[in-house]
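Q: Please take a close look at a single part of this model, the one with the fullest account of burial and packing. Then work outward from there to the other places that can be described.

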Amino acid sequence: MSHNPIFPIRPPVLAEIAGSTQTFPINRIFCVGRNYLAHASEMGVTVDKKTQEPFYFLKEARSYVPSGAAIAYPPQTTNYHHEMELVVAIGQAGFEVSEEQAESLIYGYACGLDMTRRDLQLKARESGRPWDLGKNFEESSILSPIVPKRKTGVINSGKIELTVNGKTTQSSDLSLLIWNVREIIAHLSKFYHLQPGDLIYTGTPEGVGPVVRGDVLNGYIESVGDISLTIQ
């Protein structure tokens, strides 16, 4: 077969690494749904870790936007929400790994914003359809520079917060994740061969809410850093 593409091949999507001139090529973006009890409650659902498993949705790598950007209010929504999250960057391949092995797959951590067309997500949820239109769209995955694990150690707790126009909207602690980072990686690796370049958005705490044009978002995760975004 000849290799003569009919249109230019897109370049790789490269995320920043804190304090480095090297970059992190993004492979896939996995997102964990409803991973804080208080957020699940505000979304009108309950989560029982004893009887339920984590669930996921995916976003295109090209939905990536670096922290500090200004992005357009997206089309076909009137209820555009912020979701502040800890993001885990995978640096080694792994399949069916144990929780003890999971830590060895971690390259580092970042702050993330899982921007959501909430009205479209809820419409899909009510009709039993996939969430793609509400979650997987252009400029919906905001990411701060990735901090290598050697600088942070393994993260199991720490403050996570978000402000909109200087007002705190989300404030919690990573210790309140229903499924912690090790558990998420081990569970996800049952279904996928995890690869270097994969990102895992680990879920958002309570306090999600709408943003409008002109809003300025600033987030912080202890031991990881800051993230910012402007809605145009």
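A: The account below starts with one helix and moves on to other parts of the chain.

This is a predicted model, in which local features need pLDDT of at least 70 and side-chain atom pairs count only at pLDDT 80 or more, while totals for chains, interfaces and linings use all residues. Numbering runs from 1 along each chain as its sequence is written, and side-chain values use heavy atoms, with hydrogens and water left out.

The part chosen is helix α6, residues 181–188 (helices are DSSP runs of H or I with at least four residues, strands are E runs of at least two, and both are numbered from the N terminus). Of its 8 residues, 7 are buried, so α6 is largely enclosed by the rest of the structure. Buried stands for under 20% relative accessible area, exposed for over 50%, and partly exposed for what falls in between (1.4 Å probe, protein chains only). The buried residues of α6 are V181, E183, I184, I185, A186, H187 and L188. They pack against strands β3 (29–32), β4 (56–59), β8 (84–90), β9 (106–114) and β15 (199–201), and against helix α2 (99–102). Contact here means heavy atoms within 4.5 Å. At the start of α6, the backbone nitrogen of R182 has a side-chain oxygen of N180 within 3.2 Å. A polar contact is a pair of N or O atoms within 3.5 Å; within protein, one atom must be able to donate a hydrogen and the other to accept it, and residues adjacent in sequence count only if both atoms are side-chain atoms.

Strand β15, one of the elements that α6 packs against, holds L199. L199 is buried, because its relative accessible area is 1%. Leaving out residues up to four places away in sequence, L199 touches F24, I26, R28, I29, F30, V87, V88, A89, L143 and I146. R28 is 171 residues from L199 along the chain, yet their C-alpha atoms are separated by 6.2 Å.

Two other buried residues carry polar side chains. S144 sits in the loop between β11 and β12 (147–148) and has a relative accessible area of 2%, so it is buried. A polar atom of the S144 side chain is 2.9 Å from the backbone nitrogen of C111. C111 is also one of the residues that S144 touches beyond four places in sequence, along with S67, A110, D226 and I227. T152 belongs to helix α5 (residues 149–152). With a relative accessible area of 17%, T152 is buried as well, and outside its neighbours within four places it is in contact with Y109, V147 and S223.

The sheet comes next. An open, mixed sheet of 5 strands has the order β6-β18-β17-β13-β14 (two strands pair if DSSP finds at least two bridges between them). Its edge strands, β6 and β14, each pair on one side only. Strands β13 (residues 159–164) and β14 (residues 167–173) run antiparallel and are joined by 6 bridges. They form a hairpin with 2 residues between them, and N165 in that turn has a positive phi of about 55°. V164 faces K167 across the pair.

Most residues other than glycine have a negative phi. Q76 has a positive phi near 60°; Q76 is in the loop between β6 (70–71) and β7 (80–82) and counts as exposed because its relative accessibility is 67%. E139 also has phi near 60°, in the loop between α4 (132–135) and β11 (141–143). At a relative accessible area of 31%, E139 is partly exposed.

Last is the empty space. The structure holds 1 cavity of 30 Å³ or more, a cavity being a set of points on a 1 Å grid over the protein atoms alone where a 1.4 Å probe fits but cannot get out. The largest cavity has a volume of about 130 Å³, that is, the space filled by probe spheres set on the points, which are joined across faces, edges and corners. It is lined by 17 residues, of which G33, R34, H39, E83 and W131 are the closest to its centre; a lining residue has an atom within 4 Å of a point. Helix α3 (residues 118–126) gives the most to this lining, with 4 residues. By class, the lining has 5 nonpolar, 5 polar and 7 charged residues. Here Ala, Val, Leu, Ile, Met, Phe, Trp, Tyr, Cys and Pro are nonpolar, Asp, Glu, Lys and Arg charged, and the others, Gly among them, polar.

How values were computed
On a 1 Å grid over the protein atoms alone, a cavity is a set of points where a 1.4 Å probe fits but cannot get out, and a pocket is an open set with protein on both sides within 12 Å along at least five of seven lines; lining residues have an atom within 4 Å of a point.
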